[in-house]
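Ready for some practice in reading a protein structure? Work through each exercise yourself before you look at its solution.

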Amino acid sequence: MNDPELLSNDEADLVYSSDSVPSSWSSFNDYQMLNHSETPTSFFSSNLLDTLKQEDDFMHLNTSRTVHPLTIPDNNNHSPTRNIISSPLNNNYDNTSLFHAIFKEDEKDKNLNHTCINQIGEDMKCSVHRYLITKQDERKITILTSKVAQKSYGSEKRFLCPPPYIILSGSNNWWSTQNNPPNVHIQLSGEQPRPYCHIDWYKEGTLINQHLAATYASQGDILVGNCLSKQLHISDTDEKRKSVQAHVSIQLDQSRSLGTFDSKPIKVISKPSKKRQSAKDMELCIHNGSTVALFNRTRSQATSTKYLGISSQTNNQNPNTCFVARTTSWDPFLIWIVDPTRSPNTSPSTLQHAANSQYPPPPAIAVQNPKQPLVLHYNHLIVLQCVSTGLISPVMVIRRADKGSMVMGGNRVNDPPCSTGGEYGDEALGDPVSQLHKVAFQIVQDFSKIRQNKQNHKQSFPLTQWTLPQVSSDVQYLACLNEVIGTHVVTGPRTIVSSFMPKLEQADAQISRKRRLSYQYSSLTSKPSSSRRVNSLNDELLSSDTGHCRQRLNGDCWAEDVSDVSIWAIVSADSATFTFWTSPCSIRSVTAPITPFPTIMNIKKISNQSLTIFTLILSGENFKHDVTVWFGDIQSPTTRFESDKLISCIVPDYKELQNSPVIQVNSSTSERQLPLLLVRTDGVIYNPRLFYSF
């Protein structure tokens, strides 16, 4: 589950890494990765092996010396807010003055200082090269949170739902050398600390106990740890607080803290709004292509809350992969509005997600390339897509849940080219779907009939009463049956619950009294109407594109009982991902926390007038003076630290980049690519999962 920061800068020749996505995703098949089917020893050249041997001999000769991390001297030539770190591997730069106190040496060993600098530079290059080739000892921390959470008042405790969910993945070295698991502590900003969280360990998707986890960890097997903190709530001590963050502290053993990692901001609300939301209120509405979390809570009991998830975390080619309900974990899903005019066999117009290229590509039947964010409305046709596996649900209709287990639906529309929904594409749309609202998902039995209705529509006529849309003989809803996701068959009839106003003038008067909300996007198959359009609230009007008559639309005119097992709560989800590498055994053993974690938010590429020297300007957060930029296993000749939000670097020579052994080639564009890394001087490698293309 990977949700990196979005970089949207046309001037940067960068693409996201694809090494963590399933090969079945067509959007990433064009990015060829290096084929490493040979034994690990074949990855290294003879020069590299000689360097490693020299490093080992050097360590044996200097075992009595005390090793310290590299530091930057604070002198007149380098101000605290503007430092330059140059590569010790490039003879054109004299970097001796930049490194200080590498070893505690006596007066007789002054000549050893320059040798140590070169040795550390070579060792750093070897470490980066080894990491990119093998990815051994890489670790990734993923923090999943909801975008909205309720505030608690007084002595009540409205626990966050879904709660913050931590995933520890990567290599097996989350466990200490004494074979002890890490400790994870989660705390909301401004709240009291909570006890350490229990970690569930998985091997190849199967839950194992602590004893087996310790055994597998000692054998070097790859394990994944999941941690869910259910007892977190937001108190009312600070009434002006608009948002909170989850602070995740990880301790690898009793003497080593990895650091504190922050989640994305969580918006604080008092309670889910019962008012009709405006489509312009982006934060409180659910949008097409956004990530959501779904949970089922029977009789409002927190202990019975079950979260929608996926049975397998590998890829959707596994025939046994299916939707499941869990109490100890949850998965984010992309929610897509379905275009009924498109066939499932049609190739999508885009091969990657518009907002995040590490997400799976959109389904072929999803609305393609909207010019602006589309707000999801009740009665819309939708599909759910798992972020981690790409698994796609059947086509469903999202319904508004009213009191108890009753759901609402819209009246029949005789003008299908309008923006409609429903099982047969002939149903009026409802209000925008809001955060933490209760919904239900009706399964569409035959998607092809919707396209037939759109193609064989008839001219609309004024309605004299509300009519029910077409419905199949077997109405089924997505249901949570213990830990199994199945379908619930509705046995009761649909009942008209909204009164029909016979006079058009009365309806017009009612519209003028209501707050106008503009949401309607123009039909995908017809030209937009020049008439005024308003939101499809109860008893409102919409001008038809096929005639001069005005057809009335009501998104809440009928109701049916679907049982509690079919009622879900929906909320937007967000994630923060931290990917890094530390050497398990190195002359620069890392003792300091790796946080604050540097994050790249925007990149701009500039050049001199002769186009011979190129510079990357990186803006983001938590930059430090001891961080250098690497293009694959090639360090930038110069990294300039401007502030904690801005650094710049010189792009290495083209010939040097071209000869890198970790270079990758884009088969569709023939562009060469190198991973962009941030490397701390003590050997910590931060991987933002970006590529530099040239």
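## Exercise 1: A small sheet

In this predicted model, three strands make an open sheet in the order β6-β11-β12, and their pairing is antiparallel. Your task: find which strands are the edge strands, then follow the pairing of β11 with β12.

*Solution.*
- Step 1. Look for strands that pair on one side only: these edge strands are β6 (183–188) and β12 (256–262).
- Step 2. Check the twist, which averages 15 degrees from one strand to the next.
- Step 3. Go to β11 (residues 246–253), which is joined to β12 by six bridges, with the two strands running antiparallel.
- Step 4. Pick out one pair: histidine 247 has aspartate 262 in β12 as its bridge partner.

As background, strands of a sheet pair through backbone hydrogen bonds, either parallel or antiparallel.

## Exercise 2: A covered strand and its partners

Take strand β31 (residues 627–631) and work out how many of its residues are buried, counting a residue as buried when its relative accessible area is under 20%. Then find which strands it is joined to.

*Solution.*
- Step 1. Count the buried residues: five of five, so by the under 20% cut-off β31 is mostly covered.
- Step 2. Sort the side chains by direction. Val627, Val629 and Phe631 point one way, while Thr628 and Trp630 point the other way, and all are buried.
- Step 3. Find the partner β36 (residues 672–680): five bridges join it to β31, and the two run antiparallel. Here valine 627 is matched with arginine 680 of β36 as its bridge partner.
- Step 4. Find the partner β32 (residues 634–635), which also runs antiparallel to β31 and is joined to it by two bridges. The bridge partner of phenylalanine 631 in β32 is isoleucine 634.
- Step 5. Look at the turn. β31 and β32 form a hairpin with two residues between them, and glycine 632 in that turn has a positive phi of about 65 degrees.

## Exercise 3: Another hairpin

Describe the hairpin of β22 and β23, and say which residue in the turn has a positive phi.

*Solution.*
- Step 1. Start with β22 (residues 476–481), a mostly covered strand with five of its six residues buried.
- Step 2. Count the bridges: six of them join β22 to β23 (residues 484–489), and the strands run antiparallel.
- Step 3. Find where leucine 481 is paired: its bridge partner in β23 is valine 484.
- Step 4. Inspect the turn, where two residues lie between the strands and asparagine 482 has a positive phi of about 60 degrees.

## Exercise 4: One face of a helix

Which residues of helix α3 (residues 210–218) are buried, and why do they line one face of the helix?

*Solution.*
- Step 1. List the buried residues: Ala213, Ala214 and Ala217.
- Step 2. Look down the axis of α3. The buried residues fall within an arc of 100 degrees, so they line one face.
- Step 3. Recall the general rule: an α-helix has 3.6 residues a turn, so residues three or four places apart point the same way.
- Step 4. See what this face meets: the buried residues of α3 pack against β7 (200–203) and β8 (206–208).
- Step 5. Visit the two ends. At the start, a side-chain oxygen of asparagine 209 comes within 3.2 Å of the backbone nitrogen of histidine 211. Just after α3, glycine 220 has a positive phi of about 90 degrees.

Note on methods. Residues are numbered from 1 along each chain as its sequence is written. This is a predicted model: local features need pLDDT of at least 70, side-chain atom pairs count only at pLDDT 80 or more; totals for chains, interfaces and linings use all residues. Side-chain values use heavy atoms; hydrogens and water are left out. Two strands pair if DSSP finds at least two bridges between them. Helices (H or I, at least four residues) and strands (E, at least two) are DSSP runs, numbered from the N terminus. Axes are lines fitted to C-alpha atoms, for helices over the stretch in contact, and angles run from 0 to 180 degrees between N-to-C directions. Buried means under 20% relative accessible area, exposed over 50%, partly exposed in between (1.4 Å probe, protein chains only). The arc is that of the directions from the helix axis to the C-beta atoms. Contact means heavy atoms within 4.5 Å. A polar contact is a pair of N or O atoms within 3.5 Å; within protein, one must be able to donate a hydrogen and the other to accept it, and residues adjacent in sequence count only if both atoms are side-chain atoms.
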